[in-house]
Amino acid sequence: MTGTLTPSGYRPRVVDREVAEALYSSPAVLLDGPRASGKTWTGKHFAQSEALFDTILGIRLAASIDAASLLDGPVPRLLDEWQQMPEIWNPMRRACDDRAEMGQFLLTGSANPPDDITRHSGIGRVARVRIRPMSLLESGESNGSVSLSKLMDGEPSRPQTPGVQIPTMIDLICRGGWPRIVTGTAAFAQKSLRDYLNDICRTDITQVDDVKRDPIGVRRLLASLGRNAGTKVSFTTLAKDASGDRNVPMHPRTVKKYLQSLERLFVIEDLPAWKPHLRSRIALRTTPARHFVCPSLAVAALRTNSVRLRSDLDFFGFLFESLVVRDLRIYSQLEGCHLSHYLDEYGLEVDVILERADGEWAAFEIKLGSDKGVMEGIESLRLLKNRINTNLMGEPIKLAVITATGVGGELPDGIAIIPITTLGP
């Protein structure tokens, strides 16, 4: 199912299948995600007509006078950046009821609106589909020879190619997965993303909930999140780091509120802690792992570049972890999988736990690709398996180490080594 408005040069997205299925089963589909992640293009790819609320003054004026009049047109009708004119929500919801047909509207939004706007949640009317920046498969750097879905079905991993060299992966992370700049250089992308974050600090974070925020404080917090990307850092630690040498330090409660706003803007997407049944009384750490929706934003927040990252591979390892988390989220979304991390009181850490809706689970360690790092990842996965009460949790479907570089394959005990540039849905 495709529309008549598909932009020239549209790159197929992993989420396209999910959008098509949602349109067949729901009167309206809401595409949400960060600004510039490709929501409008994806919406146009399926739409037959459109109303663009963030670009055409006349449409916004019409929405403020008679919002229902903007719902007429060939369907699916795209209501782009609908949160700019929240008056459209209730008329859209009523139109869904009156028409009693599937696939009437596509809405896109770059911010979760206040709850009172969507208090009629749209259950049975509006399906939500999350769109993130492009994965390496979507931007053309992964060949997709290893299917995550087939791995979760128990099939062996057979990567067709080795990973890329570290300098190449650094450039890919600096560039990010933003559709309009995905063909540009890392340096050009970083200039654009620094401007992107400046807009977040100056205007977006205030507009999301009409609460005035300190742009300097937001900028400092973004830099702190960049320094702590992929780590399990507390509000208190972030507050202290973001305060620097300021006379008035940032309070942890302020950090929490800023993070909530950044989450509503889809700028950050933390990875929660896993809470499995264990064989013994081991205490689990519950702090989430901090991640930007794309690691390129961490680079932009720190105003660093590819050259500097090449001299700090320890820090780059955390950015690579964020990239893998981004891609795993994209590849597993259609199946409704939940991602989390594992960390216990003895320091055993596993980067990603992926759970299906039926409770089946897999575990992934993320390493750049050195022999030592890969072996450490394998050992962590084996220790995790021994600590889990498999009578209650079931055996893991798959254990794997995802790498940036090096060759892939499987060990005799089934643990896979998978270059990220071979992974796909």
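The following exchange asks how the descriptions of this predicted model are justified.

Reader: What kind of model is this, and what limits apply to the values?
Author: This is a predicted model, in which local features need pLDDT of at least 70 and side-chain atom pairs count only at pLDDT 80 or more, while totals for chains, interfaces and linings use all residues. Residues are numbered from 1 along each chain as its sequence is written, and side-chain values use heavy atoms, with hydrogens and water left out.

Reader: How many helices and strands are there, and what makes a run count as one?
Author: The chain has 16 helices and 13 strands. These are DSSP runs numbered from the N terminus: a helix is H or I with at least four residues, and a strand is E with at least two.

Reader: Why is the chain called as compact as a globular protein of its length?
Author: The globule rule is 2.2 Å times the number of residues to the power 0.38, and the radius of gyration is taken over C-alpha atoms. For 425 residues the rule gives 22 Å, and the chain has a radius of gyration of 22 Å, close to that value, so the chain is as compact as a globular protein of that length. The C-alpha trace spans about 65 × 55 × 45 Å along its principal axes.

Reader: What makes Ser135 and Thr390 count as buried?
Author: Buried means under 20% relative accessible area, exposed means over 50%, and partly exposed lies in between (1.4 Å probe, protein chains only). Ser135 has a relative accessible area of 0% and Thr390 has 14%, so both fall under the 20% limit. Of the 425 residues in the chain, 54% are buried.

Reader: Where do these two residues sit, and which residues do they touch?
Author: Ser135 lies in the loop between strand 5 (126-130) and helix 5 (136-139). Contact means heavy atoms within 4.5 Å; leaving aside residues up to four places away in sequence, Ser135 touches Val14, Arg326, Asp327, Ile330 and Tyr331. Thr390 belongs to helix 16 (residues 390-393) and, with the same exclusion, touches Arg279, Lys385 and Glu395.

Reader: Why is helix 12 called largely enclosed?
Author: Seven of the eight residues of helix 12 (residues 295-302) are buried, so the helix is largely enclosed by the rest of the structure. The buried ones are Pro295, Ser296, Leu297, Ala298, Val299, Ala300 and Ala301. Their cover includes helix 7 (166-175), helix 8 (186-207) and helix 14 (313-332). Just after helix 12, Arg303 takes a positive phi of about 55°.

Reader: How do you know that strand 4 is paired with strand 1 and strand 3?
Author: Two strands pair if DSSP finds at least two bridges between them. Strand 1 (residues 28-32) and strand 4 share five bridges, and strand 3 and strand 4 (residues 105-109) share three, so both cases meet the limit. Each pairing is parallel. Leu31 stands opposite Thr108, and Leu79 stands opposite Leu107. Strand 3 also pairs in the parallel sense with strand 2 (residues 49-52), over four bridges, where Glu50 stands opposite Leu78.

Reader: What makes both faces of strand 4 covered?
Author: In a regular strand the side chains alternate between the two faces of the sheet. Phe105, Leu107 and Gly109 lie on one side of strand 4 and Leu106 and Thr108 on the other, and all are buried. In strand 3 (residues 77-80), Arg77 and Leu79 point one way and Leu78 and Asp80 the other, and all of these are buried too.
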